[in-house]
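Walk through this structure with a focus on its strands and its nonpolar packing.

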Amino acid sequence: MCKTIVRYLRRKSIEKNAAKRRHHAIPDLSQPLTVGVLIEDGAPHIDGIRKEICRLFNTTRCLFFIFDAKSDKTGGMDKVGCFVGRHDLNIFGLLNEAGRKNVGSVPVDMLIDVAKEQPDGLLLKDYLVSQIKSAWKVSFASKYNDLYDIVIAPREKSDIVEKIGDLHRYLSMLYGNK
């Protein structure tokens with residue numbers, strides 16, 4: 001029953017935030033961007049992902065929003081970004097005051113969601129996307145496509161760096177950059 005309540009409350013929050021979300025123009029890739037990446041804890045090659053984003057998107061500011069609802073790590077901001085653990089969630093599975101402050105404290109120009117869907121079906125990934133302040137949101141798969149400005153179907157067996165390269169290529173074509 002508790003999981004049903006958590007799923008219901010997160011779904012309502014996602015739907016509310018998706019309904020009031022305004023879609024923005026495609027980001028100008030010739031301008032420096034602040035790029036955020038939503039990723040699950042334990043994902044490989046964070047340094048490689050950061051280097052590729054900095055190279056492709058003309059930025060030195062790449063922040064990671066790392067989550068693991070089962071982790072005992074405490075949340076907070078550091079030079080890598082923001083970690084969201086179980087101590088950042090209240091009894092209803094929503095972000096508590098400290099978690100909202102950490103996740104919402106750093107707005108980004110573009111959020112790239114490369115996190116895997118969570119097997120428990122509790123919608124934590126989509127809930128976090130709805131809470132992160134971002135002018136533009138990109139996903140490679142989601143149950144709630146209304147949260148994103150663009151959703152890209154990834155190639156079979158592509159890794160995160162390849163997905164980010166595909167995203168850059170698509171945005172360059174849409175914006176008119178070569």
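The paragraphs below go from strand pairing to the cores and then to the aromatic rings.

This is a predicted model. Begin with strand 1 (34-40). Strand 1, helix 2 and strand 2 form a β-α-β unit, and its hand is right. Strands 1 and 2 run parallel, joined by seven bridges. Within this region, Glu40 stands opposite Phe67 of strand 2.

Strand 2 also pairs with strand 4 (residues 81-85). That pairing is parallel too, over five bridges. Here Asp68 stands opposite Gly85 of strand 4. Six of the eight residues of strand 2 are buried, so the rest of the structure largely encloses this strand.

Now the packing. In soluble globular proteins, nonpolar side chains tend to be buried together. The largest nonpolar core here has 26 residues. Ile39, Ile53, Phe57, Met110 and Ile112 touch the most other members. Strand 1, helix 2 (46-56), strand 2 (61-68), strand 5 (108-113), strand 6 (134-139) and helix 5 (160-175) each give two or more residues to this core. Helix 5 supplies the largest share, four residues.

Look at Phe57. Leaving out residues up to four places away in sequence, Phe57 touches Leu29, Gln31, Leu33, Val35, Met110, Ile112, Ile164, Leu167, His168 and Leu171. A second core, separate from the one above, has 25 residues. Val84, Val108, Ala115 and Leu123 are among them.

How many aromatic pairs does the structure hold? Zero. A charge does sit over a ring, though: Arg169 lies over the face of Tyr170, at 5.8 Å from the ring centre.

Methods:
Residues are numbered from 1 along each chain as its sequence is written. This is a predicted model: local features need pLDDT of at least 70, side-chain atom pairs count only at pLDDT 80 or more; totals for chains, interfaces and linings use all residues. Side-chain values use heavy atoms; hydrogens and water are left out. A nonpolar core is a set of buried Ala, Val, Leu, Ile, Met, Phe, Trp, Tyr and Cys residues joined through side-chain atoms within 4.5 Å. Buried means under 20% relative accessible area, exposed over 50%, partly exposed in between (1.4 Å probe, protein chains only). Contact means heavy atoms within 4.5 Å. Rings of Phe, Tyr and Trp (its six-membered ring) pair if their centres lie within 6.5 Å; planes under 30 degrees apart count as stacked, over 60 as edge-to-face and the rest as tilted. A charge sits over a ring if NZ of Lys or CZ of Arg is within 6 Å of the ring centre and within 35 degrees of the ring normal. Two strands pair if DSSP finds at least two bridges between them. A crossover is right-handed if, with the strands pointing away from the viewer, the path from the first strand over the helix to the second runs clockwise.
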